[in-house]
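Work through the exercises below with the sequence and the model open. Each task is followed by a solution in steps.

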Amino acid sequence: ETVPLKIIEPRRNTIRGMLRSAEKGRNSQLQKLPPERFDENGKAVKDTSDASSGKTALTYTAFAIAAGAVILRIGGRAALISAVGLDFAKENPELQEQLNQVLDFASSMGFLQEAL
């Protein structure tokens with residue numbers, strides 16, 4: 001009966017310590033937030049800068065997806081990889097050889113192909 005208690009007690013202390021540190025982290029993040037602003041009627045005023053930055057991020061993301069789709073349609077995968085800058089293996093034959101070895105090894109493993 002005392003052995004399970006000896007096992008549970010350190011775990012309980014560890015969990016409580018983690019919860020305390022998580023709460024401290026949460027409180028420090030809450031303190032970093034800007035204070036709410038109120039208008040003359042006492043109602044909270046929403047900060048529109050967050051909304052505009054969200055719209056800007058959405059616009060940039062939509063543009064990147066559309067540009068990627070156009071590049072894929074016109075030039076195919078090779079053009080997209082080149083536009084993004086992921087064609088570095090072409091210029092480095094040693095890296096290309098190492099990548100080929102890894103791919104050959106992965107293809108030789110039968111169970112891996114079944115899993116994919």
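**Exercise 1. Secondary structure and confidence**

How many helices and strands does the protein chain have? Give their order along the sequence, then state where confidence is lowest and highest.

Solution.
- Step 1. The model is predicted. Its protein chain contains five helices and two strands.
- Step 2. Read along the sequence, these elements follow the pattern α-β-β-α-α-α-α.
- Step 3. The average pLDDT of the protein chain is 76, and 76% of the residues score at least 70.
- Step 4. Confidence is lowest in helix α5 (residues 110-115), with a mean of 59. It is highest in helix α4 (residues 93-108), at 81.

**Exercise 2. Surface and burial**

What percentage of the residues in the protein chain is buried, and what area does the protein chain expose?

Solution.
- Step 1. A residue counts as buried when its relative accessible area is under 20%.
- Step 2. Of the 116 residues in the protein chain, 2% are buried.
- Step 3. The protein chain exposes about 10700 Å², and carbon and sulfur atoms supply 61% of that area.

**Exercise 3. The salt bridge**

Find which side chains meet in a salt bridge, and place them in the secondary structure.

Solution.
- Step 1. Side chains of opposite charge can pair when their charged atoms come close.
- Step 2. A search of the whole structure gives one salt bridge.
- Step 3. Its partners are the side chains of Glu-9 and Arg-12, at 3.7 Å from N to O. The cut-off for a salt bridge is 4 Å.
- Step 4. Both residues belong to helix α1 (residues 2-32), where Glu-9 and Arg-12 are three residues apart, about one turn of the helix.
- Step 5. Glu-9 counts as partly exposed because its relative accessibility is 36%. Arg-12 is also partly exposed, at 36%.

**Exercise 4. A nonpolar patch**

Which residues make the nonpolar surface patch of about 390 Å²? Take Phe-88 and decide whether this residue is buried, partly exposed or exposed.

Solution.
- Step 1. The patch is made by Ile-81, Val-84, Leu-86 and Phe-88.
- Step 2. Phe-88 lies in helix α3 (residues 88-91).
- Step 3. Phe-88 has a relative accessible area of 45%, so it is partly exposed.
- Step 4. Patch residues need over 30% relative accessible area, and the 45% of Phe-88 satisfies that cut-off.

Definitions and conventions:
Residues numbered from 1 in each chain as written. Predicted model: local features only at pLDDT ≥ 70, side-chain atom pairs only at ≥ 80, totals over all residues. Heavy atoms only, no water. Patch = residues over 30% accessible without salt bridge, like charges linked within 9 Å, V, L, I, M, F, W, Y side chains within 5 Å. Areas by Shrake-Rupley, 256 points an atom, 1.4 Å probe, with all protein chains shown as cover. Helix = DSSP H or I, 4+ residues; strand = E, 2+ residues; numbered from the N terminus. Buried < 20%, exposed > 50% of the residue type's maximum accessible area, 1.4 Å probe, protein only. pLDDT = per-residue confidence, 0-100.
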